[in-house]
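The exercises below are meant to be worked with the sequence and the structure side by side. Each task is followed by a solution that proceeds in steps.

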Amino acid sequence: MVNKTTEMKSMTIERTRASGSFVKAVAAVVWKDLRAEFRSRELFSAMLVFSLLIILIFNFALELDIKARQSVTAGVLWATFAFAGTLGLNRSMAIEKDRGCLDGLLLAPVDRSAIYFGKVISNLAFMLIVEIIVLPIYSVLYTVNLFQPGLLLVVLLGSIGYVSVGTLLAAMSVQTRTRDILLPILLFPVVIPVLLAAVKASSGFLTGAEFADILLPINLLIAYDIIFIAVAFMVFDAVVEE
Amino acid sequence: MESKPLALKILDTVSILLLGIATYLALVYAPTELVMGDVQRVFYFHIGTAWTALLGFILAAVFSVIYLVTKDLKWDRLQVAAIEVSLIFFLITIVLGSIWARPAWNTWWTWDPRLTTAAITELIYIAYFMLRQGIDDPEKRARFGAVYALVGGLSAPITFFAIRLFRTIHPVVISGSNAAAQGSFHMTPRMLTAFFFALFAFTVIFIDLFWNRIRLGDLQEKVEQLKLKVTI
């Protein structure tokens, strides 16, 4: 009896230690990415300037006068995030591949999914930082208030879905011959549910629709996030294995 | 080189015969629909190809899971075969649907859930082949292909339900009713015969093409191995 309890105790301790080391491994990958980015600022500045340029292009392409703005703001925002996002995802994975960093990461005695979650969190951080800067600039340029808690929630949920699939697909596309052009081709058709739901929910918040109408796309975003994080978690091993 | 197995030869012949009979049933035997006229006859092949294409895509997602678990390249060849045949069948479905939609809906294309999902599905599986083309190592190609086919196979139905949040005008002929649908009709017994025969014929044709494509994949594999031997 005594033996059993001590055995169980040691098992729980081991389990907490294992989960602790998993969190530590994830944090280490995130820390490494954020630190490298903080020193070089390559990715962040490219994504930010690129998104501002896209907004500029939309301004001329769609002639965003006051009437047009109301109906297309959500669409312009999400198209901007989607395009800037592929730039970031591509770069963040290409750095790992080019300098043999990925091999080093894979040699580390941690669960491979820790690497996946680490990359997802750091990519998400870059994307959110860019979005947090783009939103006020867009607000100022077009005099619409984009700082609504509901809209920020949609931005967060949409970005999670986009990045969770994007990180998995970027890990594949950087290992192919046509890597730079392949990621958007792989990514866009499978994240259409995210963009669709995000645009619908965002424009709902912007036009002041009833919350019951907005709930449906938000639920869809949550469902998509959960499904694809789970799938990516399960198959990531197959993507990085040598 | 081994010759084609006899069963496959027989299946080839049966497929051609079935295609001929299905064409006869659709074009001659089935009565002309009152409102839409002859263009409605497109429907029999439209559903036949759509059903088999979807079957192939679902099979491909199942093969993905089996491959990722077993890592046996045989399942990869089955997956490629299923997706390749389905991709062409689905393209036929879209083109036939477009031909029907021009007189029935007065437009070649609308952004209806089914049409949009069909277009996106085609793009997903074209991307699948572009991904495979960029990888030389057959084992890695199989792994990446399986992962992408799984992600795509999960995303396509979600896209469909997501777009369904909007209203649809696509008719649902087989079951259910949709007040907003345009161009729906009821089938007479003769139409039903032609319809079910087309479903059956296209299923057999799909199996035949699928089998032929698997055989081709096996032969390709052999050629690749022989080439390797020669270079060594």
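**Exercise 1.** At what angle do helix α3 (residues 73-105) of chain B and α5(B) pack, and how far apart are their axes?

*Solution.* Keep in mind that this is a predicted model. Begin with the geometry: α3(B) and α5(B) pack at an angle of about 55°, and their axes lie 10 Å apart. Next, classify the angle: since angles of 65 to 115 degrees would count as roughly perpendicular and those under 35 as roughly parallel, the value makes α3(B) oblique to α5(B). The handedness comes next, and the crossing of these two helices is left-handed. Then locate the contact in the sequence: α3(B) contributes L73(B), D76(B), Q79(B) and I83(B), while α5(B) contributes P138(B), A142(B), G145(B), A146(B) and A149(B). Finally, sort these residues by character, which gives 6 nonpolar, 2 polar and 1 charged for the contact of α3(B) with α5(B).

**Exercise 2.** Determine how helix α6 (residues 149-173) of chain A is placed relative to helix α7 (residues 179-206) of chain A.

*Solution.* The axes of α6(A) and α7(A) come within 9 Å and cross at roughly 170°. Because an angle over 145 degrees counts as roughly antiparallel, α6(A) is roughly antiparallel to α7(A). The crossing of this pair is right-handed. As for composition, the contact of α6(A) with α7(A) involves 17 nonpolar, 6 polar and 1 charged residues.

**Exercise 3.** How many residues of chain B are in contact with chain A, and which elements of chain B supply them?

*Solution.* Count first: 23 residues of chain B are in contact with 22 residues of chain A. Then assign them to elements, keeping those that give two or more residues to this side of chain B, which are α4 (113-133) and α5 (138-163) of chain B. The largest share, 13 residues, comes from α5(B). By character, the side of chain B that touches chain A divides into 18 nonpolar residues, 4 polar and 1 charged.

**Exercise 4.** Which residues touch the most other members of the largest nonpolar core?

*Solution.* This core has 122 residues, and those that touch the most other members are V165(A), L221(A), V239(A), A82(B), V147(B), A194(B) and A198(B). The helix giving the largest share of the core is α7(A), with 15 residues. Now take L221(A) by itself: leaving aside residues up to four places away in sequence, L221(A) touches L157(A), G158(A), G161(A), V194(A), A197(A), A198(A) and A201(A).

**Exercise 5.** Describe the secondary structure, dimensions and burial of chain A and chain B in turn.

*Solution.* For chain A, the secondary structure comes to 8 helices and 0 strands, and the C-alpha atoms fill a box of roughly 75 × 45 × 30 Å along the principal axes. Of the 242 residues of chain A, 42% count as buried, and residues 24 or more positions apart account for 81% of the chain A contacts that have a separation of 6 or more.

For chain B, there are 6 helices and 0 strands, within a C-alpha box of roughly 70 × 45 × 25 Å taken along the principal axes. Buried residues make up 35% of the 232 residues in chain B, and among the contacts of chain B with a separation of 6 or more, 75% are between residues 24 or more positions apart.

Key: Residues are numbered from 1 along each chain as its sequence is written. Chains are lettered from A and ligands numbered from 1 in the order in which they are written. This is a predicted model: local features need pLDDT of at least 70, side-chain atom pairs count only at pLDDT 80 or more; totals for chains, interfaces and linings use all residues. Two residues are in contact if their C-beta atoms, placed from the backbone, lie within 7 Å. Helices (H or I, at least four residues) and strands (E, at least two) are DSSP runs, numbered from the N terminus. Ala, Val, Leu, Ile, Met, Phe, Trp, Tyr, Cys and Pro count as nonpolar, Asp, Glu, Lys and Arg as charged, and the others, Gly among them, as polar. Axes are lines fitted to C-alpha atoms, for helices over the stretch in contact, and angles run from 0 to 180 degrees between N-to-C directions. A crossing is left-handed if the near helix is turned anticlockwise from the far one by less than a right angle, and right-handed if clockwise. A residue is buried if 20 or more other C-beta atoms lie within 10 Å of its own, exposed if 12 or fewer, and partly exposed in between; C-beta atoms are placed from the backbone. A nonpolar core is a set of buried Ala, Val, Leu, Ile, Met, Phe, Trp, Tyr and Cys residues joined through C-beta atoms within 7 Å.
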